[in-house]
Amino acid sequence: MNIQGKIALVTGASRGIGRAIAVELAKQGAKRLLLVARDRQQLAEVAIEIEALGVEAVILPLDLTQLIEVNIALAQAWRDYGPIHLLVNCAGVAHQVPFLKSQLLQVQEEINVNLIGMYTITRLIARRMAVQREGRIVNVSSLMGKVAAPSMATYSATKFAILGFTQALRGELAAHNIRVMALLPSLTDTDMVRDLQWFRWVVPTTPEKVAHALITGLRKESPEILVGWQSYLAVWCNRIAPMLLEMLLMMASPISRDGQKRYQRFKNAHVT
């Protein structure tokens, strides 16, 4: 896909990967960008950056879990700003907590935003793309959609589900000339993850590198877009030696490190 002259809608566009993707699409010559997120002020700041590049930006402050509001806003946006050629589903949240200590409200938030919100907007946009018989949909999953990680059970579950959803849509929507693909970043240095305990040995990538990988994947029509050598290594290892990878993940995980520290404190306290 050549983005030049096209109209794109990006969810989660107020920060992190979504923001970087929106800016990169502007640099690639998009005609108009529709920016979706909950924070109006942050969206306005991104819009200013995009308009400085000579591209029109429209902000849509929306909570994607609110079906009626989203439906009305997107119908108006399609009418007022023209047909959308590219949808990038980037909105997401992540909570890091051992499963046995997880809170239902956090679990529900991850499912509602990462899955239900994505489903809601994809359903609305895909139906309109099918009528115009043209479109591209990119669902942002994660490397954790291929390789589950301790302390991130619900987040990993939603990202695995996104890959299944993407694969199913790829087959269903092909007849309508709609291409559906998945973007799988590894750990990315964004506001969302800075409060998390990072896994040992993992080198974070940047939102800009993820955005560049997306542009390359769009040009190649790649069904799945992995980002960074660590992602390729992890997926390869998961295929040929899954038990080894699980052992390495446990060694690298914050849960394992905390457990080792507690054990060491206990051991030191009981040395005679």
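This report describes the fold of one chain, with a closer look at its sheet, one helix and a few single residues.

## Overall makeup

The model is predicted. The chain has 272 residues, and 47% of them are buried. Its secondary structure comes to 9 helices and 7 strands.

Contacts reach far along the sequence. Among contacts with a separation of 6 or more, 71% join residues 24 or more positions apart.

## The sheet

The sheet is open and has 7 strands. Their order is 3-2-1-4-5-6-7, and the pairing is parallel. Strand 3 (56–61) and strand 7 (224–226) are the edge strands, each pairing on one side only. On average, neighbouring strands are turned by 15° against each other, direction ignored.

Helix 5 packs on this sheet. The helix touches strand 5, strand 6 and strand 7. Its direction makes about 160° with that of strand 6.

## Strand 5 and its neighbours

Strand 5 covers residues 135–140. Here 6 of the 6 residues are buried, so the strand is largely enclosed by the rest of the structure. In a regular strand, side chains alternate between the two faces of the sheet. Strand 5 shows two such sets: Gly135, Ile137 and Asn139 point one way, while Arg136, Val138 and Val140 point the other way. Both sets are buried.

On one side, strand 5 runs parallel to strand 4 (residues 86–89), joined by 4 bridges. Val88 has Val138 as its bridge partner in strand 5. Between these two strands the chain passes through helix 4 (residues 104–132), in a right-handed β-α-β crossover.

Strand 5 also runs parallel to strand 6 (residues 178–184), with 6 bridges between them. Asn139 stands opposite Ala182 of strand 6. This time the chain crosses through helix 5 (residues 153–173), and the β-α-β crossover is again right-handed.

## One face of helix 8

Helix 8 spans residues 242–252. Leu245, Leu249 and Ala252 are buried in it. Seen down the helix axis, the buried residues fall within an arc of 65°, so they line one face of helix 8. The general rule behind such a pattern is simple: an α-helix has 3.6 residues a turn, so residues three or four places apart point the same way.

## Cysteines

How many disulfides does the model contain? The count comes to 0. Two buried cysteines can be named. Cys90 has a relative accessible area of 14%, so it counts as buried under the 20% cut-off. Cys237 has a relative accessible area of 11%, and is therefore buried too.

## Thr205 in its loop

Thr205 lies in the loop between strand 6 and helix 6 (207–220). Is this loop residue buried or exposed? Thr205 is buried, because its relative accessible area of 12% is under 20%.

Which residues does Thr205 touch? Leaving out residues up to four places away in sequence, its contacts are Ser186, Leu187, Thr188, Asp189 and Val210. Val210 falls within helix 6 (207–220).

How values were computed:
Residues are numbered from 1 along each chain as its sequence is written. This is a predicted model: local features need pLDDT of at least 70, side-chain atom pairs count only at pLDDT 80 or more; totals for chains, interfaces and linings use all residues. Side-chain values use heavy atoms; hydrogens and water are left out. Buried means under 20% relative accessible area, exposed over 50%, partly exposed in between (1.4 Å probe, protein chains only). The arc is that of the directions from the helix axis to the C-beta atoms. Two strands pair if DSSP finds at least two bridges between them. A crossover is right-handed if, with the strands pointing away from the viewer, the path from the first strand over the helix to the second runs clockwise. Axes are lines fitted to C-alpha atoms, for helices over the stretch in contact, and angles run from 0 to 180 degrees between N-to-C directions. Contact means heavy atoms within 4.5 Å. A disulfide is a pair of cysteine sulfur atoms within 2.5 Å.
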